[in-house]
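Please look over the sequence and the coordinates before reading on. The paragraphs below start at the ligand, move to the nonpolar interior and end with three individual residues.

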Amino acid sequence: MIVTIDGPAGAGKSSVALKLAENLGFFFLDTGAMYRCVTLACMRAQVDLHDPAATLEIANCCQIDLARGSVALNRLDVTREIRNPAVAKSIKAIAENPEIRELMVQQQRRICTGQDCVTEGRDQGTVAFPNAECKIFLTATAEERARRRYQQLLDAGIDADFDEILIQQNQRDANDSNRLTGPLIAAPDAIVVATDGMSEQQVLDKLLEIVRSRRSGPSSQSVTK
Ligand code: C5P
């Protein structure tokens with residue numbers, strides 16, 4: 001069974017998708033980590049990120065391994081490095097490159113062949129797995145998502161500016177929604193879960209309920225909260 005979880009930055013997809021996969025005993029595929037790896041590889045190679053042929057060549061040479069909780073690029077651990085804000089800032093040109101997207105989608109399909117997966121990203125229910133048995137679109141208002149990020153940083157002892165977080169998040173949302181290939185959009189048959197005011201445990205319980213209902217027989221419905 002393939003469970004796709006798409007949604008905007010800061011909706012809490014990664015942590016809840018990982019927990020969902022653990023609960024179900026499914027493989028967890030973090031597709032954002034794949035785009036982050038290609039971006040990091042291009043930055044290291046100092047190629048022009050806006051040169052599609054050059055970045056595609058780098059992408060073709062990236063061996064990305066996504067084991068539970070860690071990310072390796074060409075057999076070296078990059079789990080922390082790909083989360084560097086400099087990578088997130090540079091990712092746009094990579095994520096907009098249709099040939100790199102095609103390469104990533106092929107790899108995602110290969111990884112999920114023959115095993116149960118929870119796959120998380122922006123285009124998983126629309127492009128990568130249009131026939132997935134269970135599609136979820138996880139979202140929350142921009143203010144709620146920025147507030148969570150702000151709190152996370154404060155909890156980690158990092159000084160943060162709420163307005164700046166909101167501005168950057170809105171920029172990422174716009175970049176992800178407006179690209180021509182694989183834009184951020186809910187699949188028509190995705191169940192939309194708006195997580196405003198919900199704890200992570202409540203979101204996880206809701207997703208488990210959705211997956212279990214899909215396993216016992218598909219039905220089209222729209223859930224908010
Ligand atoms: O999910 P995460 O924030 O790690 O993703 C980083 C970036 O990778 C996103 O902002 C988006 O531009 C890109 N991405 C994508 N398609 C996916 C997953 C991520 O374009 N399936």
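**From the ligand to the core**

In this predicted model, the shell around the ligand draws at least two residues from each of four elements, namely helix 2 (31–45), helix 4 (85–95), strand 6 (117–121) and helix 8 (162–178). Helix 2 makes the greatest contribution to that shell, with four residues. There are 16 residues around the ligand, and those that come nearest are Arg-36, Arg-101, Asp-123, Arg-172 and Asp-176. Sorted by character, the residues of the shell comprise nine charged, four polar and three nonpolar ones.

Several polar atom pairs can be located between side chains and the ligand. Thr-31 places a polar side-chain atom 3.0 Å from a nitrogen atom of the ligand, whereas the side chain of Asp-176 has an N or O atom 2.6 Å from an oxygen atom of the ligand. Arg-179 likewise has a polar side-chain atom, in this case 2.9 Å from a ligand oxygen atom. Taken on its own, the ligand has 450 Å² of accessible area, and the protein covers 95% of it.

Arg-101, one of the residues that come nearest to the ligand, lies in helix 5. Because its relative accessibility is 4%, and buried means under 20%, Arg-101 counts as buried. Leaving out residues up to four places away in sequence, Arg-101 touches Tyr-35, Ala-95, Asp-123, Arg-179, Thr-181 and Gly-182. Among these contacts of Arg-101 are thus Asp-123 and Arg-179, of which Asp-123 is listed with the residues nearest to the ligand and Arg-179 has the polar side-chain atom 2.9 Å from a ligand oxygen.

The nonpolar interior comes next. In soluble globular proteins, nonpolar side chains tend to be buried together. Here the largest nonpolar core has 34 residues, of which Val-38, Ile-64 and Leu-73 touch the most other members. Two or more residues of this core come from each of helix 2, helix 3 (52–60), strand 3 (64–67), strand 4 (70–73), helix 4 and helix 5 (98–112). Helix 2 provides the largest share of this core, eight residues, and it is also the element that gives the most to the shell around the ligand. Apart from this core lies another one, of 23 residues, including Val-3, Leu-20, Ile-191 and Leu-204.

Leu-73 shows what surrounds one of the core members with the most contacts to other members. When residues up to four places away in sequence are not counted, Leu-73 touches Cys-37, Leu-40, Ala-41, Arg-44, Cys-62, Gln-63, Ile-64 and Val-78.

Gln-63, one of those contacts of Leu-73, is placed in the loop between helix 3 and strand 3. Its relative accessibility is 34%, a value between the cut-offs of 20% and 50%, and therefore Gln-63 counts as partly exposed. The side chain of Gln-63 makes polar contacts with the side chains of Asp-65, at 3.1 Å, and Arg-75, at 2.9 Å. Beyond four places in sequence, Gln-63 touches Ala-72, Leu-73, Asn-74 and Arg-75.

A second loop residue, Asn-97, is found between helix 4 and helix 5. With a relative accessibility of 5%, which is under the 20% limit, Asn-97 counts as buried. Setting aside neighbours within four places in sequence, Asn-97 is in contact with Pro-52, Thr-55 and Leu-56, and its side chain makes a polar contact of 3.3 Å with the side chain of Thr-55.

Note on methods: Residues numbered from 1 in each chain as written. Predicted model: local features only at pLDDT ≥ 70, side-chain atom pairs only at ≥ 80, totals over all residues. Heavy atoms only, no water. Near = heavy atom within 4 Å. Polar contact = N/O pair within 3.5 Å; in protein donor to acceptor, adjacent residues only side chain to side chain. Areas by Shrake-Rupley, 256 points an atom, 1.4 Å probe, with all protein chains shown as cover. Nonpolar A, V, L, I, M, F, W, Y, C, P; charged D, E, K, R; others polar. Core = buried A, V, L, I, M, F, W, Y, C linked by side-chain atoms within 4.5 Å. Buried < 20%, exposed > 50% of the residue type's maximum accessible area, 1.4 Å probe, protein only. Contact = heavy atoms within 4.5 Å.
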